Amino acid sequence: MRQKRSYGKGLPQMDPSLLKGTLIVIEGSDGAGRSTQIGYLLDWLERKGYPTTVVGLKRSELVGEALNEAMKGNTLTPITLNLFYATDFADQLERVIIPALKAGFVVLCDRYIYTLMARDIVRGSSTDWLKDIYGFALEPDAVFYLNVGPRILAERNFRKKGSLDYWESGMDIQRWGGMYDNFIKYQTRLHRVFEQLRKDYGFTAILGSRSPISIAKEIRAKVEKILAAASAAGKAADRTEKPAPKTEEKAPAPKAEDRSPADKGSGSEETSQKG
Amino acid sequence: MPKTNPKEIEGKLIAVEGLDGSGKSTQIRLLKRWLELEGYKVFFTEWNSSELVKKATRKGKKKKLLTPTTFSLIHATDFADRYERQILPLLKGGYLVLADRYVYTAFARDSVRGCDPDWLRKLYKFARKPDITFFFELPLEVALGRILEGRPALKYHEAGMDMGFSKDPYESFRIFQGRIYEEYGRIFKEFPAERVNATQPSEEQQASMRDIVRKRIDLKRFKLKRGSRP
C-alpha cells in the first residue's frame, strides 16, 4: 500500500508514515445513495473484523453546530460558507480521521473535500484557489462517485422528504425559475464540475441508478483489493522491523508526538468512533 | 472566489497592524473619531468579531479544540463573513473602511503557530489589499512592558500557551510575541506599509497618520451629504 500523503502543503506536525489505516470516500448528491452504500460497506467491513468509523460533513465538534445554525439564517455568503465548511472538515480530519487512521481503522467518509469544492466552483470560486486551500486534505485510498441523473435525484428526494433541499437546489444563487427547475439546473452544473474533479483526482465513477446491491458489490470488490494490499504491506513492514509476533496488526494507540500542539490534553480517541 | 473588478471600488480601506500593546487600536479609534467628526462616511471593523462565527471560536478556545490549521481556518471564516457582508459592500458603496487588524495578523500569528506562509497567503487571496496599512513599530520589550506591567490574567491563546513554549503564561507570552514580532518584520518587507513610530506621544502618532490619510486619499469624495448624517 502506498503511504498516505496530503494533496498539497500538509498539516503542520503530521507524520503520514504513521497513518496505517485506510481512507475510503463516497461522493454524490443527496439521493445518490451514499448513506445506503456506506451502511452496506460498514456492515461488510465490521463483519470481516475491520475496525471502521464513519465521518460526514457538518459533524465536527468545533463548528458543526454553528454551521448548521448559520445555514438556517439568510446571512451566509459564499466564501464564508466555504471556509466554514473547510474549518469543519479540518477539525474532523485532525481530531477524528487522522487518529483513526493511526489506530489502523478503515475510515468511511460520507462526502469529502470534492463536494465542498464542487459546490463552491458552481458558485463562482476558482478551482485553483480551492485546491490550494484544501491542500492539507489527505489523499484517500479510494473515492467512489455515485453518479445519478438530476431527475432521479429529485424523485428520490421527494420520496424521502417530500421536498427538495434549499442548498441542494442552489436556491442561494438562483431564486427565479422555481425550486424544481433550479434543482435540475444546479445538479446538472454540479455534475459537470464533478466530472472535471473526477479527472483531476482520479476517482471511480459508479452509475448510481443501478440496484443498490450490485453497486455495493462493485465497491466491495475494490475495497477488498485495497485492504489486501494494505495488509500485505503491513506484514512486510512487520517482518523487516521486528521478527516477533505473527498476530494481525492491532490498533496501536495514537502516538502523542505527532499531535498538533494545540490539542494537547484533549482526547482525540473518544471522538473517533461515530459510525 | 468570485472576482471583483478593482475599478468598481470607490471606497478606501485603511488597516492597522502591530503587536499587542503597540497602541494601534487607540490610534485607529482616534482616526475614526476624526473622520466622523469631519463628516466623512466611515465604517470600522475589528478582528475576530463576526456574529456568525464568534461563538464557535469561543467554544474552540475554551474547550481547547483548536489546532494551528483550525485556528487559522476559523479566523479566516470570521474574516470572510465580515469581508463579504461589510468590508467589500461598504467599499463598493464608497465608504472609508477602517480595520483594526487585517490579513497580516493571520499571516503573522498563524505562521508562528506552524501554518505554511504560502498557504496562508492563498487562503486570504480573496481579500483586497488595503489602500493604506499602518504598521506600528516599537521595540519588543516596550510592547511586552505595556501589556505585562499590570500583571493581567493572560488568556490561553493570547499567551500562545497552545504552542507549549513554556508553562508560565508570562514567559510563553514573551516568546510568542517575540516570534510574531519577527514575523511582522518579514511581512512588511513583502507588503507595503506606512510605519508609525509607536514610541512617540499618541497625539504625534495621530497627527502623522492624519497627514498620510489626507495626502493619499481624496477625502472630499467621502463627505456625507448634508442632512444624511444620522
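What radius of gyration does chain B have, and why does it agree with a compact globule? Chain B comes in at 18 Å, and a compact globule of 230 residues would be near 17 Å, so the two agree. (The radius is taken over C-alpha atoms, and the globule rule is 2.2 Å times the number of residues to the power 0.38.)

This is a predicted model, where local features need pLDDT of at least 70, side-chain atom pairs count only at pLDDT 80 or more, and totals for chains, interfaces and linings use all residues. Residues are numbered from 1 along each chain as its sequence is written, while chains are lettered from A and ligands numbered from 1 in the order in which they are written.

**Chain B in brief**

| Property of chain B | Value |
|---|---|
| C-alpha box along the principal axes | roughly 55 × 40 × 35 Å |
| Buried residues | 43% of the 230 residues |

Buried here means that 20 or more other C-beta atoms, placed from the backbone, lie within 10 Å of the residue's own. Chain B has eight helices and five strands, going β-α-β-α-α-β-α-α-β-α-α-β-α along the sequence. Helices (H or I, at least four residues) and strands (E, at least two) are DSSP runs, numbered from the N terminus.

**A helix pair in chain A**

Over in chain A, the axes of helix H2 (residues 64-72) and helix H3 (residues 78-102) come within 10 Å and cross at roughly 155 degrees. H2(A) and H3(A) are therefore roughly antiparallel to each other, a label for angles over 145 degrees. On the H2(A) side, A:Gly64, A:Leu67 and A:Ala70 meet A:Phe84, A:Tyr85 and A:Asp88 of H3(A).

How values were computed: A residue is buried if 20 or more other C-beta atoms lie within 10 Å of its own, exposed if 12 or fewer, and partly exposed in between; C-beta atoms are placed from the backbone. Axes are lines fitted to C-alpha atoms, for helices over the stretch in contact, and angles run from 0 to 180 degrees between N-to-C directions. Angles under 35 degrees count as roughly parallel, over 145 as roughly antiparallel, 65 to 115 as roughly perpendicular and the rest as oblique. Two residues are in contact if their C-beta atoms, placed from the backbone, lie within 7 Å.
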